[in-house]
Amino acid sequence: MIMSDLNEQTTTAFEYVTVSVGGQLFGFPIGRVQDVFMLHQMTCVPLAPDDIAGIINLRGRIVTAIDLRRRLGMSGGEREPSMAVGIECAGESYGLIIDAVGEVLKLGADTAEPVPVNLDDRLKRVASGVHRLETGLLVVLDVDRLLDLKTIEMAA
């Protein structure tokens, strides 16, 4: 009986690839991240929404590059995009342009919290929760909601 109680008390661990965008720390579930890569040559897409930075050829795949800063409605100076996180969603490949990649964090349920009510509405729509860390707040992004172009267009 004691052994089953111990098994029930084991904490669930979540692993995230952390990235920084506009000074905010975000986490992507590690199972959704295919790779992290440097952006070298990007082709602009005429008449694309502002957050679509362009398309790139990544090892023979056409990848849509999305500027996360713009997608999330974050302010900040113009910068030359240099780094992206590779994600696949609904059979399409995306490169989410970030400011910097952090580390892979393994976090327990003890630091997890639901999305706070006072979180910016733009982040609320794409966040699945948060983790309170010693250094600040890690906002966990829901990849499917983040890349749902129809929802983003309707919200704009």
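Is Ser-93 buried or exposed? Ser-93 is buried, at a relative accessible area of 9%, and we come back to this residue in a close-up below. Keep in mind throughout that this is a predicted model.

**Figure 1. The whole chain, with 5 helices and 11 strands.** Start here to get your bearings. The chain has 156 residues, and 37% of them count as buried. Its accessible surface is about 9300 Å², with 53% of that belonging to carbon and sulfur atoms. If you look at contacts between residues at least 6 apart in sequence, 54% of them join residues at least 24 apart.

**Figure 2. An open sheet of 6 strands, in the order 8-1-2-11-10-9.** The pairing here is mixed. Strand 8 and strand 9 (112-113) are the edge strands, each with a single partner, so one side of each has no neighbour in the sheet. Over at the strand 9 end, 2 bridges join that strand to strand 10, and the two run antiparallel. Ala-112 is the residue to look for, as it stands opposite His-131 in strand 10.

**Figure 3. Strand 1 and its partners, strand 8 and strand 2.** On one side, strand 1 runs antiparallel to strand 8 (residues 100-108), and 7 bridges join them. Phe-14 stands opposite Leu-107 in strand 8. Strand 1 is also antiparallel to strand 2, this time with 6 bridges. Val-19 has Phe-26 of strand 2 as its bridge partner. Where strand 1 and strand 2 make their hairpin, there are 2 residues between the strands, and Gly-22 takes a positive phi near 60 degrees.

**Figure 4. The other open sheet, 5 strands in the order 3-6-7-5-4.** Pairing is mixed in this sheet. Strand 3 (33-38) and strand 4 (52-58) sit at the edges, each with a single partner strand, so one side of each is left without a neighbour in the sheet. From one strand to the next, the twist averages 30 degrees.

**Figure 5. Strand 6 against strand 7, with Ser-93 in view.** These two strands run antiparallel and are joined by 7 bridges. One pair to pick out is Ala-84 with its bridge partner in strand 7, Ile-97. Ser-93 lies in strand 7 as well. What does Ser-93 touch, leaving out residues up to four places away in sequence? The list is Arg-61, Ile-62, Val-63, Thr-64, Ile-87 and Glu-88. Why does Ser-93 count as buried? Its relative accessible area is 9%, and the cut-off for buried is under 20%.

**Figure 6. The largest nonpolar core, with 27 residues.** Phe-26, Phe-28, Ile-87, Leu-96, Leu-146 and Leu-147 are the ones that touch the most other members. Strand 1 (13-21), strand 2 (24-29), strand 6 (83-89), strand 7 (92-98), strand 10 (127-133), strand 11 (136-141) and helix 4 (143-146) each give two or more residues to this core. Which strand gives the largest share? That is strand 6, with 4 residues. Apart from this core lies another, of 8 residues, including Leu-39, Ile-56, Ala-65 and Ala-84. As a general point, nonpolar side chains in soluble globular proteins tend to be buried together. Ala-84 links this view back to the previous one, being a member of the 8-residue core and the bridge partner of Ile-97 in strand 7.

Key:
Residues are numbered from 1 along each chain as its sequence is written. This is a predicted model: local features need pLDDT of at least 70, side-chain atom pairs count only at pLDDT 80 or more; totals for chains, interfaces and linings use all residues. Side-chain values use heavy atoms; hydrogens and water are left out. A nonpolar core is a set of buried Ala, Val, Leu, Ile, Met, Phe, Trp, Tyr and Cys residues joined through side-chain atoms within 4.5 Å. Buried means under 20% relative accessible area, exposed over 50%, partly exposed in between (1.4 Å probe, protein chains only). Contact means heavy atoms within 4.5 Å. Two strands pair if DSSP finds at least two bridges between them. Axes are lines fitted to C-alpha atoms, for helices over the stretch in contact, and angles run from 0 to 180 degrees between N-to-C directions. Accessible areas come from the Shrake-Rupley method with a 1.4 Å probe; for residues, only the protein chains shown count as cover.
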